[in-house]
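Work through the following exercises with the sequence and the coordinates at hand. Each task is followed by a solution that goes step by step.

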Amino acid sequence: MERVIDLDELAGLLTRRTAYWRASGLDVGRTTWRDAGAAWPQPLVADRAGVPDPDSLGLVVRGPAEAELSVVVFRGGWADVDFMADPDDAGVLPASEISGAPDFARRMDGWVHRVFGVPGSGT
């Protein structure tokens with residue numbers, strides 16, 4: 001898989017936003033990593049040190065009334081983004097052709113705002 005996105009850079013970006021999200025009342029889970037070289041089925045691990053060749057990074061954010069945002073971003077430049085804002089508002093959000101960390105940051109902030117109604121980064 002082509003490396004379009006630096007997943008370590010994205011992990012830092014998510015870490016910098018976590019304090020704000022938690023202060024806004026959101027529950028932010030641990031990031032998970034998947035190693036491209038691991039045998040199938042590739043396990044998800046929380047310790048980056050155990051992933052020599054990461055091909056995806058995942059995060060789940062939960063809010064009030066069972067609202068949830070699940071994002072798995074792949075180094076190839078796309079993400080799987082599932083959400084449930086409420087029982088009548090759930091689905092998949094578009095997330096293709098992510099060009100790098102600034103683009104992902106903008107999108108992530110938008111997804112958080114869309115699902116939870118809070119600014120994504122506190123700005």
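**Exercise 1. Determine how many helices and strands the chain has, and in what order they follow one another**.

Solution. In this predicted model, the assignment gives two helices and seven strands. Reading along the sequence then yields the pattern α-β-β-β-β-β-β-β-α.

**Exercise 2. Decide how the radius of gyration of the chain stands against that of a compact globule with 123 residues**.

Solution. The first step is the expectation, which for a compact globule with 123 residues is a radius of gyration near 14 Å. The second step is the value for the chain, 14 Å, and therefore the two agree. As further description of the fold, the C-alpha atoms fill a box of roughly 40 × 25 × 25 Å along the principal axes, and 44% of the 123 residues count as buried. Among contacts with a separation of 6 or more, residues 24 or more positions apart account for 48%.

**Exercise 3. Describe the largest nonpolar core, and state which element gives the most to it**.

Solution. Begin with the membership: the core holds 34 residues, and those that touch the most other members are Trp-21, Leu-69, Val-73, Phe-104, Met-108, Trp-111 and Phe-116. Next, assign the core to elements, where α1 (7-23), β4, β5, β6 (78-86) and α2 (101-116) each give two or more residues. Of these, α2 gives the most, with eight residues. Finally, take Phe-116 as an example: once its neighbours within four places in sequence are left aside, Phe-116 is in contact with Leu-26, Val-61, Arg-62, Gly-63, Ala-67, Glu-68 and Leu-69.

**Exercise 4. Characterise the largest pocket by its volume and by its lining**.

Solution. The volume comes to about 160 Å³. The lining consists of 14 residues, and Thr-32, Leu-44, Gly-58, Leu-59 and Val-72 are those that lie nearest the centre of the pocket. Two or more lining residues come from each of β2 (32-35), β4 (54-62) and β5 (68-74), with the largest share, five residues, supplied by β4. By chemical class, the lining divides into eight nonpolar, four polar and two charged residues.

**Exercise 5. Place Val-72 in its surroundings, and decide whether Val-72 counts as buried, partly exposed or exposed**.

Solution. Val-72 has its place in strand β5. Its relative accessibility is 26%, and since buried requires under 20% and exposed over 50%, Val-72 counts as partly exposed. Leaving aside its neighbours within four places in sequence, Val-72 is in contact with Ser-56, Leu-57, Gly-58, Trp-78, Ala-79 and Asp-80. A separate comparison with Thr-32 shows that the two residues are 40 residues apart in sequence, while their C-alpha atoms are 8.7 Å apart in space.

**Exercise 6. Examine the backbone at Pro-41, Glu-66 and Glu-97, and locate each of these residues**.

Solution. The peptide bond from Trp-40 to Pro-41 is cis, with omega near -5 degrees, and Pro-41 is placed in the loop between β2 and β3 (44-45). Turning to phi, Glu-66 has a positive value of about 65 degrees although it is not a glycine; Glu-66 belongs to the loop between β4 and β5 and is exposed, with a relative accessible area of 66%. Glu-97, likewise not a glycine, has a positive phi of about 55 degrees. Glu-97 lies in the loop between β7 (89-92) and α2, and its relative accessible area of 70% makes Glu-97 exposed.

Terms used
Residues numbered from 1 in each chain as written. Predicted model: local features only at pLDDT ≥ 70, side-chain atom pairs only at ≥ 80, totals over all residues. Heavy atoms only, no water. 1 Å grid on protein atoms, 1.4 Å probe; cavity = no way out; pocket = protein on both sides within 12 Å on 5 of 7 lines; lining within 4 Å. Points joined across faces, edges and corners; volume = space filled by probe spheres on them. Helix = DSSP H or I, 4+ residues; strand = E, 2+ residues; numbered from the N terminus. Nonpolar A, V, L, I, M, F, W, Y, C, P; charged D, E, K, R; others polar. Core = buried A, V, L, I, M, F, W, Y, C linked by side-chain atoms within 4.5 Å. Buried < 20%, exposed > 50% of the residue type's maximum accessible area, 1.4 Å probe, protein only. Contact = heavy atoms within 4.5 Å. Rg over C-alpha atoms; globule rule 2.2 N^0.38 Å.
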